[in-house]
Amino acid sequence: MWRQLFCLLFLLALAPACAQASARVPSVALLTIDGPIGPAYADYVERGIARAGAERRALVVLQLDTPGGLDTAMRTVIRAILAAPLPVACFVAPSGARAASAGTYILYACHIAAMAPGTNLGAATPVQVGPAGPGPPENGKDKPPSTMEAKAINDAAAYIRGLAQLRGRNAEWAEQSVRQSRSLSAGDALAAGVVDIVARDVAQLLALSEGRIVRVRNADWRVQAGAAAVVDAAPDWRTRLLAVIANPSVALILLTVGVYGLLFEFMSPGAVLPGVMGAICLLLGLYGMQLLPINYSGLALICFGLACMVAEAFLPSFGVIGLGGVAAFVIGALLLMDSEAPGFGMPLGFVAAVGVTAALLVGATAQVALRTRRRPAPGVTARLEGEIAEMLGDAAREGWANVGGETWRVLTDTPLAQGQRVRVAGRRGRVLLVAPFDAGMPDARAQDRKPANGH
């Protein structure tokens, strides 16, 4: 009995030590960027690095495969890396991946730069101004870049050179990747001092990173991740949702669907579903727009075009206002994005499809309005026949009555008094045939056959 109690106490005393030992086992957070770098991925990297620091990871591995992205999102990612409380390794992988444009800046900013065989990086010229260098010949001479283009290129070159100097990497080639859009393969990048490691996979990257000393927040940090467990922190639902909403094409569709949903709700009050879905789509579309570098002139044209298409439904102009709205919508969609970053442009085919669809809707609305104008209101006589009306004055033969809230001229065979209730028996042109409410309803066809005095 005493021996069992002693063993139990010994195990309880040993448990905290075992827990501390297991807590000291290093682990590595693996973040993955696979696509254009936009607001969604910027938020994902920021949160991932902060979580890794709070969980005391030994290293963050940022696996990268991107054609580039937005400048604002790229700088957000780089700020998160530079302020990270632990080392961040950028790994261009798997084989066949690339770190083009914005990806090159991110790789230079990381504490450890690595590439898998068969990958490449570079072509870091700002996409808004295109490749650097002289323009097309003008009078036999090369046309120099404009002042704005030169400013953008110089700013980008100084930015990547500063990152290269901070990490002790090849600053000359970094500047050439901006000014001349140069690219390198993995092996050439290692030989040129652009990257630190060429590894087949994350496990080999961790083994080759073991013992390296890097500067983290102005302090030396020895990387001890050779035997670390890799914790895959893949993009969650929030990142995926933001990536969808922040797509310019999706944001434009949400905005359009939202406006039409509210329009249908206003035209058919009480339907509820179109109004609710329209409000949700409109808010999501506006949220996506504010995440993107949009041209506000283009957004204003889109809103004006949607307003004209809505006005066509309420004030039919047989297509004139609606087609003008379609033209404004298409022009605004083409001008909407203030960036040519990969994955964030507005495809011409998509804009054309949306424009054609809107034009068809406007044409259908105009056709319905034209048919409605040419066709007399159906069922008016049937609706009025048998209605109870009230005389607005005394009438021996002709007078006026309130029929369903409308004032009608009436004809009667029986003298009627003001306020007397009558029943509509039929109609003769713009005149209703009525009889006292307490009398039997006369035959409307017989009434029509009787000649009317004075008519």
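These legends walk through several close-up views of one predicted model.

Local features here need pLDDT of at least 70 and side-chain atom pairs count only at pLDDT 80 or more, while totals for chains, interfaces and linings use all residues. Residues are numbered from 1 along each chain as its sequence is written, and side-chain values use heavy atoms, with hydrogens and water left out.

**View 1. An open, parallel sheet of 6 strands.** The strand order is 10-5-3-2-1-13; strands (E, at least two residues) and helices (H or I, at least four) are DSSP runs, numbered from the N terminus. Two strands count as paired if DSSP finds at least two bridges between them. The edges belong to strand 10 (197-198) and strand 13 (229-232), each pairing on one side only. Strand 5 (residues 112-115) runs parallel to strand 10 and is joined to strand 10 by 2 bridges. Look for A114, which sits opposite I197 of strand 10.

**View 2. Helices on the sheet.** Helix 2 (residues 39-54) packs here, touching strand 1 (27-34), strand 2 (59-65) and strand 3 (88-92); contact means heavy atoms within 4.5 Å. The direction of helix 2 makes about 180° with that of strand 1. Axes are lines fitted to C-alpha atoms, for helices over the stretch in contact, and angles run from 0 to 180 degrees between N-to-C directions. Helix 4 (residues 102-109) lies across strands 2, 3 and 5, at about 130° to strand 5.

**View 3. Helix 4 meets helix 5 (residues 147-167).** The two axes come within 8 Å and cross at roughly 30°. The pair is therefore roughly parallel, a label for angles under 35 degrees (over 145 is roughly antiparallel, 65 to 115 roughly perpendicular, the rest oblique). The crossing is left-handed, that is, the near helix is turned anticlockwise from the far one by less than a right angle. Helix 4 brings T104, Y105, Y108 and A109 to the contact, and helix 5 brings A156, Y159, I160, L163, A164 and R167. By class that makes 8 nonpolar, 1 polar and 1 charged residues; Ala, Val, Leu, Ile, Met, Phe, Trp, Tyr, Cys and Pro count as nonpolar, Asp, Glu, Lys and Arg as charged, and the others, Gly among them, as polar.

**View 4. Backbone oddities in two loops.** Most residues other than glycine have a negative phi, and most peptide bonds are trans. The bond from A93 to P94, though, is cis, with omega near 0°. P94 is in the loop between strand 3 and strand 4 (98-100). A123 has a positive phi, near 50°, and belongs to the loop between strand 6 (120-122) and strand 7 (137-138).

**View 5. The hairpin of strand 11 and strand 12.** Strand 11 (residues 213-216) pairs with strand 12 (residues 219-222) in the antiparallel sense, over 4 bridges. I213 has R222 as its bridge partner. There are 2 residues between the strands, and R217 takes a positive phi near 55°.

**View 6. A closed barrel of 5 strands.** Going round, the strands run 14-15-16-18-17, with mixed pairing. From one strand to the next, the twist averages 55°. Strand 17 (residues 421-428) pairs antiparallel with strand 18 (residues 431-436) over 6 bridges, and R423 stands opposite A435 of strand 18.
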